[in-house]
Each structure stands twice: as C-alpha cells, then as structure tokens.
Amino acid sequence: MTKAQFLSTEGVPHARRREWLCEVIGREYARADACALPTQPLFNEMTIYGEIDVRLSAIRSNAILIERPQRPALPDSHDVFLAVVLLSGEYFIEQGERRAALRPGDMTIYDATQPHKIYCPGSFSKLIVSLPRAAMRKRLPDMDRRLATPIAGARGLGAIAAAHIRSIAAHAAVLTDESFAAATDHCADLIALSVADAQQIPATARSRDATLRRVKRFIEGRLGDPRLDPTMTAEALGLSIRYLNALFEAEGVSLMRYVWSRRLDHCRADLNARAHAPIGEIAFRWGFSDFSHFSRAFRRRFGQSAREMRMQAE
C-alpha cells in the first residue's frame with residue numbers, strides 16, 4: 001500500500017500546538033509561521049501520501065493564518081510549488097501582487113519557498129499536491145509569473161485537473177506505491193495546463209516558450225565553440241536573427257549575454273571540478289578565445305578573479 005503519514009495537533013498539548021504545527025509545515029512543505037484565529041482553537045490534521053517526486057496531502061483545519069514573510073531564511077527541505085484544491089470552506093492566498101479567493105472545487109498554485117500569506121476565516125479542508133519546481137518550470141517556463149492565479153474547478157481544464165487530484169486522494173489508501181506513482185504521473189501536466197488555460201495564454205505564447213527552450217538547448221550543447229553567435233544559431237534552427245533577439249529581449253538579456261553567462265557558469269564550476277587544469281585552458285574549453293575578455297567578464301560577474309576564487313576553494 002502507498003506509504004502514508006498522519007499528523008495531527010490532537011495528540012499535542014495545547015500550549016505546544018502552534019510550535020508543533022510550524023515545525024511540521026517547515027519540514028513537510030516550507031518554513032512558515034502559522035497561528036490560530038480568535039474564532040476557533042488551533043486544530044490541523046494532515047495525511048501525506050508519497051515520499052519523492054509528486055506528493056499528495058489531505059488536510060483538515062480550523063481557521064488559520066499562515067504566512068511566510070520577506071526575510072532571510074535557511075534553505076527549505078523541499079524546493080516545490082504547491083497546488084491547492086479547496087474541498088470545503090473559504091481560502092484566500094496572496095503572493096507577490098496576486099491574490100486568489102477560492103471557493104470549494106477551485107484550485108491555485110503558489111511557491112512555498114517565497115513570501116506568501118494564506119488566510120482561512122473558518123474550518124476548511126483541502127488537498128495539496130507538492131510539485132518539484134524544476135519539473136513545473138519545464139512545463140511552463142514562466143510559472144513564477146502565474147502564481148496565486150485562481151483556477152475555476154467547475155469547468156474546463158481546471159475541472160479535469162481537480163477531479164483527477166480528488167480521485168487520487170479518494171483511493172490513495174488502497175493503492176500500491178507503483179499505482180500511486182502512475183496515478184500522480186500526470187498531475188504536473190494537468191496543473192500546468194490548467195494554469196495556462198486559466199490565464200488564457202495564447203497558442204503563440206506557448207509556441208514562443210517552446211522555441212526559447214529549443215534555442216537554449218542548442219546553445220548549451222555548443223558553448224565550447226567560440227564561433228557560436230546569433231548567425232550560427234539562427235541558421236542551425238531555421239529562425240531569423242530578429243526573432244532570436246526578440247525571444248531573449250523578453251527575458252531582459254541579449255542572446256550573446258546569455259551565452260557568456262552560461263559560459264562563465266561552467267567555468268566557475270570547472271575551477272573546482274578540474275582543480276589542476278590551468279585557468280586559461282578552462283576558459284578556452286568553454287568558448288572564450290580571448291583570455292583578457294574572459295578575465296574581465298569573470299570579475300564583473302562574480303566580483304573576484306578566477307584565480308582568487310580557486311584559491312578560496314582550496
């Protein structure tokens with residue numbers, strides 16, 4: 001059967017319930033502060049299915065305020081986006097400049113590791129799907145700009161995704177680990193499609209995102225070639241230089257600045273991984289044909305020379 005973890009405030013002394021709940025939220029999702037509202041005593045229980053990749057949580061709670069403020073924090077144990085399906089009650093979430101008010105059946109997705117606020121004025125129940133950040137960004141590269149978007153659960157792709165998640169939760173207790181993994185395999189796809197559909201992202205925008213990913217894959221495979229430039233890239237991929245420039249302008253960078261940035265990232269990694277390789281050899285390996293240009297670019301990017309960085313690592 002699928003491994004399940006049941007956690008509840010009911011077995012915790014009242015004086016320690018808030019501390020306990022904050023500790024559990026931080027361990028299982030991401031660090032955040034939680035407190036009861038004056039209308040109800042603190043109560044929260046959760047059943048968590050799955051251990052790696054996609055995890056599913058069924059949660060019941062009294063009125064609560066959960067907040068992750070803007071402040072430095074230690075790394076979180078899970079680097080995830082959280083998708084919420086509200087089953088009952090009221091649910092309000094804020095992240096960045098976006099705010100979503102959910103009714104039963106509705107969904108939203110937010111970044112658990114970034115500042116956010118969740119306000120629930122009364123008793124509620126919900127399902128949470130924990131989705132690895134990297135997996136979601138592959139499906140929707142600009143996911144970070146689409147957080148806290150309300151997704152209607154009564155129609156369209158939102159209804160399909162929510163129904164799929166509710167169905168898994170209803171049967172999770174009797175599924176084998178293999179069956180649970182297979183059932184949750186499409187959650188990330190359905191949720192990404194729901195987010196895109198909720199904001200009516202045009203097909204041209206999705207096509208542009210896919211093209212940008214293709215361009216970046218081409219660049220990554222040819223960083224060591226000093227001839228890599230917009231002309232080579234455009235000819236290899238059958239695109240115009242003007243269109244290439246437009247793709248990267250939308251990200252606030254030119255194609256060549258992106259290339260130099262990736263080359264510098266690889267050079268920095270090699271300073272440690274290839275400790276005995278001459279710095280010049282590393283620079284040339286990643287496409288820098290002018291060592292002086294490499295040295296200036298490295299210092300501007302990282303605030304110190306390559307030699308200084310290597311000495312610090314030794």
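# Briefing: a polar contact, a cavity and a pocket

The side chain of S57 makes a polar contact with the side chain of Y29, at 2.7 Å. This is a predicted model. The chain has 314 residues, and 47% of them count as buried. Its secondary structure comes to twelve helices and eleven strands. The structure holds one cavity of 30 Å³ or more, and Y29 is among the residues closest to the centre of the largest cavity.

**Overall build**

- Along its principal axes, the C-alpha trace spans about 65 × 45 × 40 Å.
- Long-range pairs carry much of the contact count: among contacts with a separation of 6 or more, 70% join residues 24 or more positions apart.

**S57 and its surroundings**

- S57 sits in strand 4, which covers residues 55-61.
- S57 is buried, because its relative accessible area is 0%, under the 20% cut-off.
- Beyond its neighbours within four places in sequence, S57 is in contact with Y29, T47, I48, K126, L127 and I128.
- Of these partners, Y29 is the one whose side chain makes the polar contact with the side chain of S57.
- Y29 and K126, both in contact with S57, also appear among the residues closest to the centre of the largest cavity.

**The largest cavity**

- The volume of the largest cavity is about 180 Å³.
- Its lining has 16 residues, and I25, Y29, I66, Y110 and K126 are the closest to the centre.
- Four elements give two or more residues to this lining: helix 1 (17-28), strand 3 (44-49), strand 10 (116-120) and strand 11 (124-132).
- By class, the lining of the largest cavity has 13 nonpolar residues, two polar and one charged.

**The largest pocket**

- The largest pocket holds about 570 Å³ of space.
- It is lined by 17 residues, with P141, D142, L212, K216 and E251 nearest its centre.
- Helix 2 (133-139) and helix 6 (203-220) are the elements that give two or more residues to the lining of this pocket.
- Helix 6 supplies the largest share, seven residues.
- Twelve residues of the pocket lining are charged, five are nonpolar and none is polar.

**Helix 6: T211**

- T211 lies in helix 6, the element with the largest share of the pocket lining.
- T211 counts as buried because its relative accessible area, 11%, is under 20%.
- Not counting residues up to four places away in sequence, T211 touches L239, Y243 and L247.

**Helix 2 and the loop after it**

- R137 is found in helix 2, which also gives residues to the lining of the largest pocket.
- R137 is partly exposed, because its relative accessible area of 34% falls between 20% and 50%.
- With neighbours within four places in sequence left aside, R137 is in contact with F81 and D144.
- R137 and F81 are 56 residues apart in sequence, yet their C-alpha atoms are 9.8 Å apart in space.
- A148 lies in the loop between helix 2 and helix 3 (156-171).
- Phi of A148 is near 55 degrees, a positive value in a residue other than glycine.
- A148 counts as buried, because its relative accessibility of 1% is under 20%.

**Cysteines**

- A search of the whole structure finds zero disulfides.
- C35 has no bonded partner because the closest cysteine sulfur, in C22, lies 8.1 Å away, whereas a disulfide needs the pair within 2.5 Å.
- C35 is partly exposed, with a relative accessible area of 24%.
- C187 is buried, at 2% relative accessibility.

Definitions and conventions: Residues numbered from 1 in each chain as written. Predicted model: local features only at pLDDT ≥ 70, side-chain atom pairs only at ≥ 80, totals over all residues. Heavy atoms only, no water. 1 Å grid on protein atoms, 1.4 Å probe; cavity = no way out; pocket = protein on both sides within 12 Å on 5 of 7 lines; lining within 4 Å. Points joined across faces, edges and corners; volume = space filled by probe spheres on them. Nonpolar A, V, L, I, M, F, W, Y, C, P; charged D, E, K, R; others polar. Buried < 20%, exposed > 50% of the residue type's maximum accessible area, 1.4 Å probe, protein only. Contact = heavy atoms within 4.5 Å. Polar contact = N/O pair within 3.5 Å; in protein donor to acceptor, adjacent residues only side chain to side chain.
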